Amino acid sequence: MKIKTLLVGLAIPALGFAQNYDMTYPDNAPAPCHPVPSDRQIMWNETEFYAFFHYGMNTFTGLEWGFGNEAESRYAPKGMPNPEQWVTSVKAAGMNGGIAVVKHHDGFCLWPTATTSHSIKNAGNENGRSANIPQLFAEASKKHNMKYGFYISPWDRNSAHYGKDTYVTEVFLKQCEELAQYGSDQFEMWFDGARGGDGYYGGEGGNRDIDPEIYYDVPNLRARVHRIAPNCIMWGVGGEARWIGNESGYAGNTNWAMTDYLSETVVREEGDINGWFWNPGESDAKATNQGWFWHSGETMKSADRLFQMYLETVGRNATLILNCPPDQYGVLPTNTVNELSKLGKMLHERLAVPVYGQSESTAAKDMAKTATIEVNETRTGGKYDKANLTDGNKDTYWATNDGSLGGTITLSWSTPQTVRYLVLQEPIKLGQRIKDFKIEYSEDGSNWTELCTSMETTTVGYKRIIPLNGSTSNSYGNGYNAKKLRITILDSRACPLLSNINVY
Ligand code: FUL
């Protein structure tokens with residue numbers, strides 16, 4: 001009885017506090033619109049554009065999927081592999097990091113692992129034996145301020161353990177731990193949906209089929225990987241970023257970062273407005289015209305085509321992991337390096353992407369910075385002003401009041417500007433919200449024409465880059481002479497928020 005009275009006594013002031021001082025959303029901050037990303041998913045998204053380096057035993061056998069019985073001596077680089085050259089070449093294309101394949105399905109490890117003898121320890125020459133690829137790659141990435149991650153194929157066609165209880169703990173996780181010695185600040189681990197199949201399996205051969213979710217015990221495996229590399233998102237089966245559903249370098253024009261189940265390609269390409277968990281899209285695509293690994297006689301896609309892929313992935317709320325395969329000398333071939341540098345120049349001169357080797361003075365000018373901006377509404381609370389749209393701070397944003405599911409932003413210039421691209425960003429920490437918007441321009445300041453009518457203008461998400469002529473293949477045309485540019489948000493899942501606008 002006494003205890004009860006005491007509890008009631010304590011509860012009353014607590015309730016009073018809750019009523020008068022609700023600190024859940026100080027400064028009238030908008031409530032998050034769930035689901036929302038984890039901090040590591042946000043950091044991953046900010047990486048935007050990064051490389052894939054498929055290099056290993058297949059580079060020397062000409063295969064795409066080695067069986068696992070390839071003699072170690074076949075790995076014999078004709079020169080000293082140079083991951084620093086890989087890193088600097090993709091940095092010159094405007095990329096912010098890369099993932100190196102350090103074990104593909106054939107099981108050959110590009111570092112001297114203790115888990116198997118199928119590694120560079122037994123390579124065919126000194127170049128192969130002495131170049132510890134993950135170590136050199138991580139060192140070079142850190143030196144050049146690039147993010148890095150590893151692809152350690154879960155499916156291992158060489159290992160006698162694969163398909164058995166011992167594999168995940170005794171081989172796969174040990175390999176992840178070994179790799180963490182070279183750097184625990186990995187940003188992504190590629191974890192594909194490999195379901196097993198036939199292979200060498202330590203000489204036993206046969207078929208070993210597994211169900212990835214069950215076999216890898218994904219939730220626990222993910223937790224263990226996070227303990228080893230706290231900011232590393234597990235792509236694919238890991239459930240922290242999804243495959244975009246194709247390997248051609250495009251995402252849906254409408255692209256939600258949420259999904260629930262992923263059985264249909266359209267859900268992969270477009271996400272799902274009703275999806276219950278945050279599972280943003282990553283597009284994996286080849287910069288060359290043949291396989292993932294280097295093949296004799298292969299050619300590079302043109303910088304124009306790669307620019308289009310960038311617009312259709314990074315520009316559509318996905319990330320782009322672009323495969324650039326090192327050759328048998330362990331370097332990126334000259335034509336790859338040249339095309340990458342042309343791409344970097346284009347991204348810099350058209351979209352002001354910061355690119356290694358390009359000077360600040362040649363970057364596209366952001367006309368949003370010189371515009372007078374008007375908005376139809378600003379959320380009360382003093383922190384959600386239109387100035388946040390152009391302050392270059394990703395953590396500040398413009399917002400409307402709760403209940404307004406739309407809004408208008410008008411940019412004006414005293415003299416008409418030639419405009420080609422509009423970049424919009426939502427502060428995704430509070431969820432992906434915008435569902436529908438339109439863009440208009442005015443040459444004289446009073447008559448309006450809608451732009452980009454041939455392209456869906458629905459979702460924004462982390463980043464949307466809109467070629468104003470509606471074409472990703474011929475986006476740089478003559479541009480539009482605009483005295484004003486107006487963005488009207490027509491519908492949103494909750495009050496719309498925008499953290500950034502650029503106009504180029
Ligand atoms: C897939 C693999 O099977 C391919 O060989 C390649 O590595 C691709 C990027 O991922 O899952």
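Visitor: Which residues surround the ligand, and what makes them its neighbours?

Guide: In this predicted model, the ligand is surrounded by Phe52, His54, Trp65, His104, His105, Tyr151, Trp190, Asp192, Asp284 and Trp292; each counts as near because one of its heavy atoms lies within 4 Å of the ligand.

Visitor: Why is the pair formed by histidine 54 and the ligand called a polar contact?

Guide: A polar side-chain atom of histidine 54 lies 2.7 Å from an oxygen atom of the ligand, and the cut-off is 3.5 Å, so the pair qualifies. Aspartate 192 also places a polar side-chain atom 2.7 Å from a ligand oxygen, while for tyrosine 151 the corresponding distance is 3.4 Å, which therefore still falls within 3.5 Å.

Visitor: How much of the ligand's accessible area does the protein cover?

Guide: Of the 300 Å² that the ligand has on its own, the protein covers 87%, and the space taken by the ligand is the second largest pocket.

Visitor: What is the make-up of the shell around the ligand?

Guide: Its residues divide into five nonpolar, three polar and two charged; Asp192 and Asp284 are counted as charged because Asp belongs to that class.

Visitor: How do you know which part of the chain calls for caution?

Guide: The mean pLDDT of the chain is 94, with 95% of residues at 70 or more, but over residues 1–18 the pLDDT is below 50. Where pLDDT is low, predicted coordinates should not be read in detail.

Conventions:
Residues are numbered from 1 along each chain as its sequence is written. This is a predicted model: local features need pLDDT of at least 70, side-chain atom pairs count only at pLDDT 80 or more; totals for chains, interfaces and linings use all residues. Side-chain values use heavy atoms; hydrogens and water are left out. pLDDT is the predictor's confidence in each residue, from 0 to 100. Contact means heavy atoms within 4.5 Å. A polar contact is a pair of N or O atoms within 3.5 Å; within protein, one must be able to donate a hydrogen and the other to accept it, and residues adjacent in sequence count only if both atoms are side-chain atoms. Accessible areas come from the Shrake-Rupley method with a 1.4 Å probe; for residues, only the protein chains shown count as cover. On a 1 Å grid over the protein atoms alone, a cavity is a set of points where a 1.4 Å probe fits but cannot get out, and a pocket is an open set with protein on both sides within 12 Å along at least five of seven lines; lining residues have an atom within 4 Å of a point. A molecule sits in a cavity or pocket if more than half of its atoms lie within 2 Å of its grid points.
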